[in-house]
Amino acid sequence: MGYSVGQVAGFAGVTVRTLHHYDAIGLLSPGGRSPAGHRRYADADLDRLQQILFYRELGFPLEEVAVLLDDPRADPREHLRRQHRLLTERIGELRRMAAAVEHAMEARRMGINLTPEEKFEVFGHKGPERYAEESARRWGGTHTHEETQARVATYTKDDWQRMKEEVDAWGAAYGALMDAGGAPGSPAAMELAEAHRAHITKWFFDCHPKIHQGLAEMYVSDENFRAFYDSLHEGLAEHLREAIHANARRLAG
């Protein structure tokens, strides 16, 4: 006797109305009728419905689905090859989408919860998400990274604005030091290095001098961090690295 329209709707996760529509347009007409004239679907009809739903899931219009399924030159193996190719393409697309979502999630975890307008207003083209990926790669899962996430998740636009103003003031002072010929090991340079460490401790995590020295190397080796510091003053990344090491030796002595 086959399957009733209600049974098929339950199997396939579609509505009875959808099956009626497919029948009305000739896309899926049941192979039989009950003595009372009700639709009865055979196994071959279920196979066709499965194909329809697959192509619909991939975004094909019903008209194109009908052409694909009714093509006399196509055999079941061709349908499987086509489906495999389309699924492979969809998997690649979904992976790219997942990577984009993960990046957005990391930015959110790093506290970058401003609107695009607010972020541009505060940071211009130097948004902090540029550094979130490297931070997560180096310290993800560590106490340092977790502490940073917990802190910045509470920051408001005003907090980010104050943070940026501190960075700008510090960068101007460091640039003036370099313009005046101050050496990395000079007392003034070491004080600015110490101010840099205090800024990290204030806003992100407890920055021990040893950790600060590790950061100093990253400021030179990582192109994003180097570009940021050198944008404050040419050569600042390397100068700061030496000043941080000098300051750490001073603190240890």
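The paragraphs below walk through the sheet, one helix, the nonpolar cores and the salt bridges of this predicted model.

A convenient place to begin is the sheet. Three strands make up an open, antiparallel sheet, arranged in the order E1-E3-E2. Strand E1 (3–4) and strand E2 (32–33) are its edges, each pairing on one side only. Between E2 and strand E3 (residues 39–41), the antiparallel pairing runs over 2 bridges. Here Arg33 stands opposite Arg39 of E3. Both arginines reappear in the electrostatic picture, where Asp23, Arg33 and Arg39 are joined in a network of salt bridges. As background, strands of a sheet pair through backbone hydrogen bonds, in either a parallel or an antiparallel sense.

Helix H3 (residues 43–57) offers a simple check on geometry. With 15 residues at 1.5 Å a residue, H3 should span 21 Å, and this agrees with the 21 Å between its end C-alpha atoms. The buried residues of this helix are Asp45, Leu49, Gln51, Ile52, Phe54 and Tyr55, a list in which polar names sit beside nonpolar ones. After H3 comes Gly59, which has a positive phi, near 95°.

Turning to the interior, the largest nonpolar core contains 23 residues. Those with the most contacts inside this core are Trp170, Tyr174, Leu215, Tyr219, Tyr229, Leu236 and Leu240. At least two core residues come from each of H9, H10, helix H11 (209–221), helix H12 (223–232) and H13. Tyr174 gives a closer look at the packing: leaving aside neighbours within four places in sequence, Tyr174 is in contact with Leu192, Leu236, His239, Leu240 and Ala243. Apart from this core lies another, of 20 residues, including Val8, Leu19, Phe54 and Val65. Phe54, already met among the buried residues of H3, thus belongs to this other core. In soluble globular proteins, nonpolar side chains tend to be buried together.

The salt bridges complete the picture, with a count of 12. One of them is formed within a helix: the side chains of Lys164 and Asp168 meet with an N to O distance of 2.7 Å. Why are Lys164 and Asp168 separated by about one helical turn? The two residues are 4 apart in helix H9 (residues 157–179), so about one turn lies between them. An α-helix has 3.6 residues a turn, so residues three or four places apart point the same way. Lys164 counts as partly exposed because its relative accessibility is 25%, and Asp168, at 38%, is also classed as partly exposed.

Other salt bridges connect one helix to another. Glu166 pairs with Lys202, and the closest N and O atoms are 2.5 Å apart. Because Glu166 lies in helix H9 and Lys202 in helix H10 (residues 187–203), this pair ties together parts that are 36 residues apart in sequence. Glu166 is partly exposed at 27% relative accessibility, and Lys202 is partly exposed with a relative accessible area of 49%. Arg250 and Glu191 form a further salt bridge, their closest N and O atoms being 2.9 Å apart. This pair links distant parts of the chain, with Arg250 in helix H13 (residues 236–252) and Glu191 in helix H10, 59 residues apart. The relative accessible area of Arg250 is 35%, which makes this residue partly exposed, while Glu191 is partly exposed at 45%. H9, H10 and H13, which carry these bridges, are also among the helices that each supply at least two residues of the largest core.

Technical notes. Residues numbered from 1 in each chain as written. Predicted model: local features only at pLDDT ≥ 70, side-chain atom pairs only at ≥ 80, totals over all residues. Heavy atoms only, no water. Salt bridge = Lys/Arg side-chain N within 4 Å of Asp/Glu carboxyl O. Buried < 20%, exposed > 50% of the residue type's maximum accessible area, 1.4 Å probe, protein only. Expected span 1.5 Å × (residues − 1). Pairing = 2+ DSSP bridges. Core = buried A, V, L, I, M, F, W, Y, C linked by side-chain atoms within 4.5 Å. Contact = heavy atoms within 4.5 Å.
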